[in-house]
Amino acid sequence: TTNDSKVLDTPRDTLIGGLLTADFDEASCLSRYQKSSLYRKPSPYKPSEYLVSKLRSYEMLHRRCGPDTKAYKEATESLNRDENYADKSLNGECRYVVWMAGYGLGNRMLTLASVFLYALLTERVILVDNRKDVSDLLCEPFPGTSWLLPLDFKLMKYPYGYDYNKEYPRCYGTMSENHSINSSSIPSYLYMHLLHDSRDSDKMFFCQKDQDLIDKVPWLIVQANVYFAPSLWFNPTFQTELVKLFPEKETVFHHLARYLFHPTNQVWDMVTEYYNAHLSKAEERLGIQIRVFGNPAGYFKHVMDQIVGCTQREKLLPELDTQEVEISKTKKHKAVLVASLYPEYSQNLTKMYSNRPTSTGEIVEVYQPSGERVQQTDTKIHDQKALAEMYLMSSTDKIVTSARSTFGYVSYSLGGLKPWLLYQPTNFTTPNPPCLRSTSMEPCFLTPPSHGCEADWGTNSGKILPFVRHCEDIMYGGLKLY
Ligand code: GDP
């Protein structure tokens with residue numbers, strides 16, 4: 001093993017094919033430039049020139065409109081007057097989309113990327129709700145400005161409260177159902193409800209007819225917990241642009257996440273220390289992310305059997321050699337990185353493989369950075385561990401993740417890996433087959449609209465475009481880019 005596999009030995013393509021701007025002070029956010037060395041091989045997916053130039057012009061827009069600018073001040077003042085924006089003369093130069101924090105970290109990263117993509121497509125400025133711990137987790141992505149929404153922003157309660165829901169009078173779905181928004185009556189702000197319980201009227205916000213109205217509204221507040229990027233392709237105007245931005249369709253989250261998300265130095269220390277201590281020396285790394293949904297959650301034998309069944313059947317881990325032959329001379333080291341709230345899964349794998357000969361002669365070492373037992377979203381150190389583990393997971397060569405888990409989605413997509421997906425068990429039994437190999441590295445939009453826009457109304461949303469299809473890892477519905 002050479003030092004080559006350690007994080008920190010830079011020079012590589014640190015700006016990831018121009019995806020990142022060079023306009024940052026390196027020490028303030030080490031991960032921005034060291035991240036590419038976490039992935040020992042450069043990503044086989046290159047961002048398109050069009051995406052790169054779009055990002056550079058977005059950065060200029062954000063600098064013109066960000067907090068602390070005259071444009072931002074004027075735009076927030078317009079909220080006090082709440083005029084009718086059907087009158088074009090009122091339109092300022094900047095329009096905004098505010099991302100609200102909610103749900104687990106995986107959900108947050110998926111929705112941040114989705115909202116940012118929507119901002120790119122509509123030339124809005126994204127501002128993020130920082131009443132929670134975003135700035136303890138992620139560095140600023142845009143140079144010379146900030147993406148954090150000032151805490152005195154009028155439409156957010158401080159301290160945190162769940163201010164918005166479907167019944168809210170400025171909720172877009174509700175207004176469109178009541179016909180209280182039309183081209184002659186455009187409010188100064190709208191609330192977009194893009195959660196698992198959204199109605200069609202909420203979910204169809206991206207369609208052309210809806211966008212004609214929404215586009216004129218200076219402020220959008222988005223509360224989301226699902227990766228809605230796949231549905232944006234149903235709008236023909238967006239689609240034309242998206243095809244140019246992402247000629248490789250399954251790279252949307254991969255590129256956006258590598259552009260937007262840079263763990264803070266505190267989190268990055270956790271990543272690099274763990275990587276250098278346990279993973280850098282292995283010849284091969286396998287990630288296994290185990291999320292147990294449902295109540296009770298915890299350690300279950302049927303899940304353990306599923307993990308062993310999947311990894312051995314797919315030849316990700318060797319079988320044990322029953323003939324007790326000597327450990328082979330090749331002694332190839334394989335590191336298994338386990339992420340789970342429960343430490344028992346890696347403990348059992350360790351027990352299984354430690355000092356035992358395997359059929360391939362490989363030596364299997366198992367590591368699990370944490371076992372937090374319960375989700376404690378919004379506790380700083382807990383969230384930092386979760387983020388560090390997503391990055392460690394994304395650095396592996398092959399990855400197995402739990403169906404439906406946004407934590408898993410972020411991990412494999414960041415890494416540019418097509419995962420093996422562990423089916424969600426029902427009735428406390430091991431699914432058969434235990435897992436399948438995905439053909440796409442995109443996250444799944446778990447609760448998409450059931451049909452398309454205008455002309456495609458009535459067509460199953462998984463059948464409208466050849467590259468937007470139902471997800472493999474959930475029973476029905478779900479949309480994913482392939
Ligand atoms: P999802 O619920 O699986 O879709 O993923 P989320 O990330 O949205 O929410 C789960 C949250 O539980 C994470 O953000 C963590 O706070 C915690 N969690 C779940 N699994 C793990 C894990 O393997 N490691 C760590 N450190 N935290 C986890």
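Colleague: Between which domains does the ligand lie, and why?
Modeller: This is a predicted model. The shell around the ligand takes residues from two domains, so the ligand site lies between them. The two are domain 1 (26-260) and domain 2 (265-481).

Colleague: Which element gives the most residues to that shell?
Modeller: Several elements supply at least two residues each, among them helix H4 (105-122), strand E6 (333-340) and helix H15 (406-415). Helix H14 (380-394) is also on that list. The top contributor, with five residues, is H14.

Colleague: Which residues come nearest to the ligand?
Modeller: The ligand has 21 residues around it. By class, six are nonpolar, 10 polar and five charged. Those that come nearest are Gly104, Leu105, Gly106, Ser405 and Thr406.

Colleague: Where is proline 433, the residue joined to asparagine 432 by a cis peptide bond?
Modeller: Omega of that bond is about 0°. Proline 433 sits in a loop, between strand E9 (420-422) and strand E10 (435-437).

Colleague: Is phenylalanine 428 buried or exposed?
Modeller: Phenylalanine 428 is in the loop between E9 and E10. Its phi is positive, near 55°. A residue with 12 or fewer C-beta neighbours within 10 Å is exposed. Phenylalanine 428 has 11 inside 10 Å, so it counts as exposed.

Colleague: How does aspartate 378 count, and why?
Modeller: Aspartate 378 lies in the loop between strand E7 (363-367) and H14. Phi there is also positive, near 85°. Aspartate 378 has 13 C-beta neighbours inside 10 Å, so it counts as partly exposed.

Methods
Residues numbered from 1 in each chain as written. Predicted model: local features only at pLDDT ≥ 70, side-chain atom pairs only at ≥ 80, totals over all residues. Near = placed C-beta within 6 Å. Helix = DSSP H or I, 4+ residues; strand = E, 2+ residues; numbered from the N terminus. Nonpolar A, V, L, I, M, F, W, Y, C, P; charged D, E, K, R; others polar. Domains from an automatic or database assignment. Buried ≥ 20, exposed ≤ 12 C-beta atoms within 10 Å, placed from the backbone.
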